[in-house]
Structure formats: structure tokens, C-alpha cells
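Q: Could you take me through this model step by step, giving the general idea behind each feature before the particular case?

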Protein chains: 2
Amino acid sequence: MRSAIRKRLIELFTASEQDFVSSQQICDELGCSRTAVWKHIEDLRKEGYEVEAVRRKGYRLLRKPDKISEDEILFGLETELFGRHIYFQEEVASTQIIAHDLVNKGAPHGSLVVSDHQTNGKGRLQRTWHSPNGTGIWMSLILRPEIPLHKAPQMTLLASVAITEAIAQQTGLSPSIKWPNDILLNGKKVVGILTELKAEADQVHAVIIGPGINVNQTANDFPEELKDVATSLQMELGEKVDRAALIQTIMSTFEKRYDEYMTYGFAPIKQLWESYAMTIGKRIIARTVNGQYVGTALGINDEGVLLLETEGGIQNIYSADIEIKST
Amino acid sequence: MRSAIRKRLIELFTASEQDFVSSQQICDELGCSRTAVWKHIEDLRKEGYEVEAVRRKGYRLLRKPDKISEDEILFGLETELFGRHIYFQEEVASTQIIAHDLVNKGAPHGSLVVSDHQTNGKGRLQRTWHSPNGTGIWMSLILRPEIPLHKAPQMTLLASVAITEAIAQQTGLSPSIKWPNDILLNGKKVVGILTELKAEADQVHAVIIGPGINVNQTANDFPEELKDVATSLQMELGEKVDRAALIQTIMSTFEKRYDEYMTYGFAPIKQLWESYAMTIGKRIIARTVNGQYVGTALGINDEGVLLLETEGGIQNIYSADIEIKST
């Protein structure tokens, strides 16, 4: 099926707002015969669209498939720049690797790499990220903020705020953020964000924000070692979530918060981050390469550093695994 | 000429410390006839080596060509890791671009990219760097320090210290550093260093140190717009400088200072940097993207930030072009 025809058909259905579209109207719009229209509808059905056909009324779109592709993401996207250049591939080793390559080739601000399946998904600190086929959102967003290097960690915090808001908006769930940038539901991880950057010593060239979002996994989709610590939106919500729509929402909240950041600086983002963060005020254990610290999380500073009140004084935590002590 | 034979021949000459090496000795070492030896010597001469031949005495190496290649750099290199993996190409667009590619492919700490000619050499802040054929050192060193992101600028300062020391050691000249990392002789630029990095939000993956060093240019090699502001080692010293030997010296001083940094931290490097810096204590103009500041340079902090005492108080300068006001 030619993607231009598919796109136009979906536009027609979406414009009619769940009302029927007559065969004649489709014939006129696409400039083809009724037989051809029927064939196009059959093609849509094969791709997972549920289309109802009623005599004398025409066709009606009941449900889009949970499918992500360039078209699905672009159609209905409400942003100016975020997600406007999409590089979609069914299967990749890692969307971050592709994004790095695109950065070196000059890809513009807002470029988005998306895949249905990562064979070698990357997590923070050189770990892997379990990215099974067709169930999650595996993507990397390329940003080119003109900021000095020391402000780069603020972009990570901005990303977790934007994704938390998008999930809340789309599903009604109330995720919380665990420092630095895990997003949890009921204490289990639903989003991990790998932020990488390319920079000069005094200037950022590109920030690559790579969230892995568990969307439609069921409990059995997780390997044994993740079952107690990971969850998906579907498992928490009790129903499937439209991945393309969620990507669109993330692009919108992200662009909005980014513009705010560029206009008003980090202060409003920091305030939002702290309002979503579950870490602040809690007793935590921070495991760093230099050893382990136990104390109360006081907050973050403008560099995204976690301030930990320990017995020996206030400790700056730059990079660590955090465990929240049950109280 | 097979590189193994060339390498062995040069080793023989170097081991004899400017004494003659007899034909017989060469025959024995290489396992070939006197005629073959003569042919190998002729090949060396074609590559620019000056070899003296004296009857009954044998051959003596008078002068190596100012040539850089993997062999020239490796032979006599006294480091453990720095420069041990060399990627040499006669001509490249930019050694930084190749280094980025190697970083993504997992090139180890200390890997060095060197070229004789850059067609699109990169300078700081997306500028170009004039890199004519066969006259300078155009290289990129890949380091993989396990340091948090906010310490990355310290690597730039470490690089300028190591290169300043290597130049002083090799030539007897006394270069000075202009913040952040230009190296000057008699007020003119002889080295520029582009430092780029790949990092996670909280951890450095790789630092790519790319110095461009003007070595054997004469005044006519510089384009008109650089004549007043740039110089070369040869122009200041009055004689040619062996580029391969200078690369070796830089690798040695760099490795030494890097190991010191990893053991004792930034304090000793900062002290050295300040002792070579011409900026400190001077009245300067700092041109930043946010405007221009005039004041007295007080020093640098641990993040490599320049502290400028202005009429309105102390200003932190993260990224700027610096002009030193004549007093």
C-alpha cells in the first residue's frame, strides 16, 4: 500500500471524528474507483486497523493498531521542531548509536530516532536495556542547546520532567522520578533515560536523550531478573497504551519545557523536577565508584547534583545507584 | 620497501649512535646480500633519509626526514599507553572526525590519530584550522578517563600544560598559555587545541584532545589573515623541528601529567597551568555569546572557569575569546 494513500485515508477518518465516511467521498478524495477503495481498506485492515463497513453509510475507523512508524508519529504531531525529522527503523542495535552517527552528520535540533526493537539497547553506565519487539518506546532525541558544558545535566532532569508529564497526561497515572532520571510507577521502573552528549570543553554540540519506556509489556515479557523491579504502563493501567500517541505527547511536553528552559532558565524545571521526585527527603543509600554513602536526600543543585546529608556533612553525589531505604 | 626491513635498518643506525655500520653487519642482520643492502639504502634515501657511505667503514645515518608515519612515531616512543595505537593517514578531512568514529567503535585509551594534511581541520567553536600539508602536527588523542562530567574541562588544561612542556623540552623555547588553551610564542599562536568529548550526563566516556601545532611553516605558508597572529616553531627557532620526535615527546609529557592527575588530582596541574599562563593578572577583554566583559584575570577555578574581576564584581567566564589589553 502506498504510504501517501494510507496517510490520506487515515486523515479522512480522523477528520470525520469517528463518523462514517462514504465510499463516494473516499473515491473523490483519492481519485479512484469503489473497487479500489475496498482494496485500500483491506490493506489498512491487514496493517492492524479496525475498520467498520456499513451499507449505505460507508466506512468508519474504530481503532488504529499500536504501531509506530514515521507516518504514525508525524500525523497529528503538534510540535514545531521536536520529532519533525524522524529516522524510523524496525530493528536496530541501539537508537543511541544511530543518533550519534546522525549528530556527526549534522542532524538538526529535534531529530528523533525510533525503533520497534533494539537488539542491544543501552542503559546508563554502560549497562544494557531490555527492549523487546513491538512493546515499548525505544527512541533517541537529538537536541542542540547552546549551553555551556556544566549545564548539560539539566537536560536530563528536563527530560524526566517532560516524560513524566506526558505519561500522566496520556494515561492518568502518577509516575514519580528517582534521581537522576528513572521514572517509577508503584516503586517499579517504567522508564530509564540514557543521556549522552557531544561537546567541546566549553560548549555543548548535541545532547542525545534516549528514553526506554516500557509500554505494553505484560509480566511475562520481562526476564526473571527484572520482574520485581520493572513494570509497564499496560500492567499499571490495565489496558494497552497507543505508543505513537504517547511519542507525540512526549514531543509536545518536551518541546514546551525546553522552550521554557531556554527562556526562563533552570529554576522552573528544577521546581517541577522536585515536585515529581520521590527521592527528596528520603533516607537513601548512594553507591558510587568511590564508595557508599548513607544519608537524607536534601535536593538537587543547579548542576543536577544530588545533595546528601550524611553524618559527616553534606555530600555531593554526581553519579550513583540510589536505593531508597524503607522507613 | 618493506616496512619491516626499513624499521630494522633504522634501528641499526640508531643503535650505533651516529657511528658507521658495516655492510657486513647489515648483511648479517637482514640476512641478505651486499647488493640487496645497497638497494635498501637507496630506498631509504628516496624516502628522504640522508645516509653517508664511506669505503671500508660502511654506512652512517646523518639525518632522518621530517616525516610522520606510524613507524616514525612508534620507533623510540617511550610511553606505556599514549600513542601506542596509531591511526595514520596521509590526508584526512579532520583527525577529530576520525577519532569520534574510533571512539564509537571502542578505540582504547591512548589511541592517536595523526595526519600529514587536513583538508577541513576543525578549530574551537566550530571554526576551521589551517592545516597545510607536511608542515604541522595535526592529531587527535583519545583518552578515556573515569571522571565525572564537570571535571572534563580539566583535561583541556592538562593538555595545554603537557604540550607546552614538550615544546620547551624539544626546542628550548618558552611558550605561554592563553586561556583556555592556546599556546603562544612571542604573542603569536603556535598551537590551538580543540577538546571534544563524549559523555553520559554524569560520566565521561571519552575525551578527544586535538592539538593543531604549527611546526615547520615559514611566513609564506600562512594565509594573509593569519600572518599577524600565527607563528610556527621553525619561525621562532630559526631551524626545522622533527615532527615525529615532537609527537613522541608530547606523548611522554602528556602520559606523565595524566598519571599525576589520576593519582594526585587537579591541584598540581592547576599550579603548572597557572605558571605557564600569560593571562593571569592581566587586563583582558572576554567576548562571550552573552556579551563582552572587561576586567583583570584572577585565575581559574577547578572547573577551568576563568575568574574575571570586573567593575561589577567577579565574573565566571566559561567560554569566550580573550583579548589581552596592552598596558
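**Reading the features**

A: We can begin with one residue of a predicted model: A:Glu260 counts as buried, because its relative accessibility is 18% and the cut-off for burial is under 20%. A:Glu260 belongs to helix H8 of chain A, and, when neighbours within four places in sequence are left aside, A:Glu260 is in contact with A:Gly265 and A:Ile269.

Q: At what angle, and with what distance between their axes, do helix H8 of chain A and helix H9 of chain A pack?

A: Two packed helices are described by the angle between their axes and the distance between the axes. Here helix H8 (residues 243–264) of chain A and helix H9 (residues 267–276) of chain A pack at about 135 degrees, and their axes are 8 Å apart. That angle makes H8(A) oblique to H9(A). On the side of H8(A), the residues that meet H9(A) are A:Arg257, A:Glu260, A:Tyr261 and A:Tyr264, while H9(A) contributes A:Pro268, A:Ile269 and A:Leu272. Sorted by class, this contact has five nonpolar and two charged residues, and no polar ones.

Q: Which residues of H2(B) and H3(B) meet, and at what angle do these helices pack?

A: Helix H2 (residues 23–30) of chain B packs against helix H3 (residues 34–46) of chain B at an angle of about 95 degrees, with 9 Å between the axes. H2(B) and H3(B) are therefore roughly perpendicular to each other, since angles of 65 to 115 degrees are counted in that way. B:Ser23, B:Gln24, B:Ile26, B:Cys27 and B:Leu30 of H2(B) meet B:Arg34, B:Val37 and B:His40 of H3(B). By class, the contact of H2(B) with H3(B) comprises four nonpolar, three polar and one charged residues.

Q: Which members of the largest nonpolar core touch the most other members?

A: In soluble globular proteins, nonpolar side chains tend to be buried together. The largest nonpolar core in this model has 124 residues, of which A:Phe254, B:Leu233, B:Leu246 and B:Phe254 touch the most other members. Beyond its neighbours within four places in sequence, B:Phe254 is in contact with B:Phe82, B:Leu141, B:Leu143, B:Leu158, B:Ala159, B:Ala162 and B:Ile209. Apart from this core lies another, of 16 residues, and among them are A:Leu9, A:Tyr49, A:Val51 and A:Tyr59.

Q: Turning to loops, is B:Ile147 buried or exposed, and what does B:Ile147 touch?

A: B:Ile147 lies in the loop between strand E5 (136–143) and helix H6 (152–171) of chain B, and B:Ile147 is buried, with a relative accessible area of 6%. Not counting residues up to four places away in sequence, B:Ile147 touches B:Ala152, B:Met155, B:Gln203, B:Val204, B:Tyr261 and B:Met262. B:Ile147 and B:His205 are 58 residues apart in sequence, and their C-alpha atoms are 8.7 Å apart in space.

Q: And is B:Leu173 buried or exposed?

A: B:Leu173, in the loop between H6 and E6 of chain B, counts as buried at 14% relative accessibility. B:Leu173 touches B:Ala168, B:Leu185, B:Leu233, B:Glu236 and B:Leu237, again not counting residues up to four places away in sequence; B:Leu233, in turn, is one of the residues that touch the most other members of the largest nonpolar core.

Q: Where in the backbone are there cis peptide bonds, and which residues other than glycine have a positive phi?

A: Most residues other than glycine have a negative phi, and most peptide bonds are trans. In chain A, a cis peptide bond with omega of about 0 degrees joins A:Trp179 and A:Pro180, and A:Pro180 is placed in the loop between strand E6 (176–178) and strand E7 (182–185). In chain B, a cis peptide bond joins B:Trp179 and B:Pro180, with omega of about 0 degrees, and the place of B:Pro180 is in the loop between strand E6 (176–178) and strand E7 (182–185) of that chain.

As for phi, one of the residues with a positive value is A:Arg56, near 65 degrees, in the loop between strand E1 (50–54) and strand E2 (58–63) of chain A; at 83% relative accessibility, A:Arg56 counts as exposed. Another is B:Asn186, with a phi of about 50 degrees, found in the loop between E7 and strand E8 (188–200) of chain B and exposed, with a relative accessible area of 70%.

Definitions and conventions. Residues are numbered from 1 along each chain as its sequence is written. Chains are lettered from A and ligands numbered from 1 in the order in which they are written. This is a predicted model: local features need pLDDT of at least 70, side-chain atom pairs count only at pLDDT 80 or more; totals for chains, interfaces and linings use all residues. Side-chain values use heavy atoms; hydrogens and water are left out. Axes are lines fitted to C-alpha atoms, for helices over the stretch in contact, and angles run from 0 to 180 degrees between N-to-C directions. Helices (H or I, at least four residues) and strands (E, at least two) are DSSP runs, numbered from the N terminus. Angles under 35 degrees count as roughly parallel, over 145 as roughly antiparallel, 65 to 115 as roughly perpendicular and the rest as oblique. Contact means heavy atoms within 4.5 Å. Ala, Val, Leu, Ile, Met, Phe, Trp, Tyr, Cys and Pro count as nonpolar, Asp, Glu, Lys and Arg as charged, and the others, Gly among them, as polar. A nonpolar core is a set of buried Ala, Val, Leu, Ile, Met, Phe, Trp, Tyr and Cys residues joined through side-chain atoms within 4.5 Å. Buried means under 20% relative accessible area, exposed over 50%, partly exposed in between (1.4 Å probe, protein chains only).
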